Amino acid sequence: MAKVKVITDSTSDIPKELVEELEIKVIPLKVHFGNETFADGVDLSAEQFYERMTHSDIFPTTSQPSPVDFEYAYREAIEEGYTEILSIHLSSALSGTYQSALIAKDMFASEDVNIEVIDSRTATFAIGNMVVNAARAAKEGKSLEECADIAKKISEKQVLLGYLDTLEYLQKGGRIGKAAALVGSLLSIKPIISLDDEGEVVAVEKVRGKKKAVRRIFEILTERIPKGSQVSVAIIYGALQEEAKKWLEKAKELYDVQESLYSYIGPVIGAHTGPETIGIIVTPIDEK
């Protein structure tokens, strides 16, 4: 049995098969359409969400889990026999989820359990990438400290770049961060976005037209990670599944891709980025 239980939240957008294989506990955030409330990824799938978002006049909103939600998850892990818990969550600059986890951790201060809570300072499968690698290490029997160190190293190495068709959703949802300077730009300007070291959304560049934006994303990638490097690649997307396939093909032309996957941008993140969003996460793999 693994020594460490790895816990995350639904904004990590980890494909279900990996969640099950690695026995990761996922705590859902909530999505609201008016008076209707859905648990992210539980009551509402990504496909259902984008279908509804595209055809509904109601702008979706989101909310974080409560400290009690985390308390239940930590208690469940303890009852399963774990004495070490690694809890990795959405950027604290975007949500209070991390703070809820910290509050819950304090509830176990007098108990024989070691809980480490990590602010990923990122979003979507860039969190998932940290979580999956930590969970694999946990499966191998590594300690809490070792698993946390692996997650932090992935965070430092991975490069996340995304393309947004519009900043409207980030602006309405109040998560626009340092990309606010682009609001009001001409409609043909397409922002290339990422998250900075503080976990805030930033505009890496603004490019005129979608094709140029996509081309520039791959140019920036090769500026940060040399061509031919051994890497893992994740393509994240909202409603652009066919385009995601083309992005992976392009990545394989540039890199020695050792591992790849596709990940839907789930309802909570999608509520702030919109359906016409696509991104790529590239992580160098240390060559032995």
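Over residues 173-186, the predicted model has pLDDT (the predictor's confidence in each residue, from 0 to 100) under 50, and 30 contacts beyond four places in sequence (contact meaning heavy atoms within 4.5 Å) are found for this stretch. The protein as a whole averages a pLDDT of 90, and 91% of the residues score at least 70. Residues are numbered from 1 along each chain as its sequence is written, and side-chain values use heavy atoms, with hydrogens and water left out. Because this is a predicted model, local features need pLDDT of at least 70 and side-chain atom pairs count only at pLDDT 80 or more, whereas totals for chains, interfaces and linings use all residues.

Two open sheets are described here, with helices and strands taken as DSSP runs numbered from the N terminus (H or I and at least four residues for helices, E and at least two for strands). One sheet has 4 strands in the order β2-β1-β6-β7 with parallel pairing, where two strands pair if DSSP finds at least two bridges between them. Its edge strands, each of which pairs on one side only, are β2 (25-27) and β7 (114-119). Neighbouring strands of this sheet are turned against each other by 20 degrees on average, direction ignored; axes are lines fitted to C-alpha atoms, for helices over the stretch in contact, and angles run from 0 to 180 degrees between N-to-C directions. Strand β1 (residues 4-9) runs parallel to β2 and is joined to it by 3 bridges, with Ile7 standing opposite Lys25 in β2. Helix α4 (residues 97-106) packs on this sheet, where it touches β1, β6 (84-89) and β7, and its direction makes about 165 degrees with that of β7. Helix α5 also lies across β1, β6 and β7, and runs at about 165 degrees to β1.

The other open sheet is formed by 3 strands in the order β4-β3-β5, and its pairing is antiparallel. Here β4 (36-39) and β5 (61-63) are the edge strands, each pairing on one side only, and the twist averages 30 degrees from one strand to the next. Strand β3 (residues 30-33) is joined to β4 by 4 bridges, the two running antiparallel, and the bridge partner of Lys30 in β4 is Ala39. Helix α2 (residues 46-55) packs on the sheet and touches β3 and β4, its direction making about 30 degrees with that of β3.

Among the helix pairs, the axes of α5 (residues 125-139) and α6 (residues 144-157) come within 8 Å and cross at roughly 150 degrees. That makes α5 roughly antiparallel to α6, since angles over 145 degrees count as roughly antiparallel, under 35 as roughly parallel, 65 to 115 as roughly perpendicular and the rest as oblique. The crossing is right-handed, a term used if the near helix is turned clockwise from the far one by less than a right angle, anticlockwise being left-handed. In α5, Asn129, Met130, Asn133, Ala134, Ala137 and Ala138 meet Cys147, Ile150, Ala151, Ile154 and Ser155 in α6. By class, this contact has 8 nonpolar, 3 polar and no charged residues, where Ala, Val, Leu, Ile, Met, Phe, Trp, Tyr, Cys and Pro count as nonpolar, Asp, Glu, Lys and Arg as charged, and the others, Gly among them, as polar.

The axes of α8 (residues 210-224) and α9 (residues 241-254) come within 11 Å and cross at roughly 35 degrees, and this crossing is right-handed. The contact of α8 with α9 has 6 nonpolar, 1 polar and 3 charged residues.
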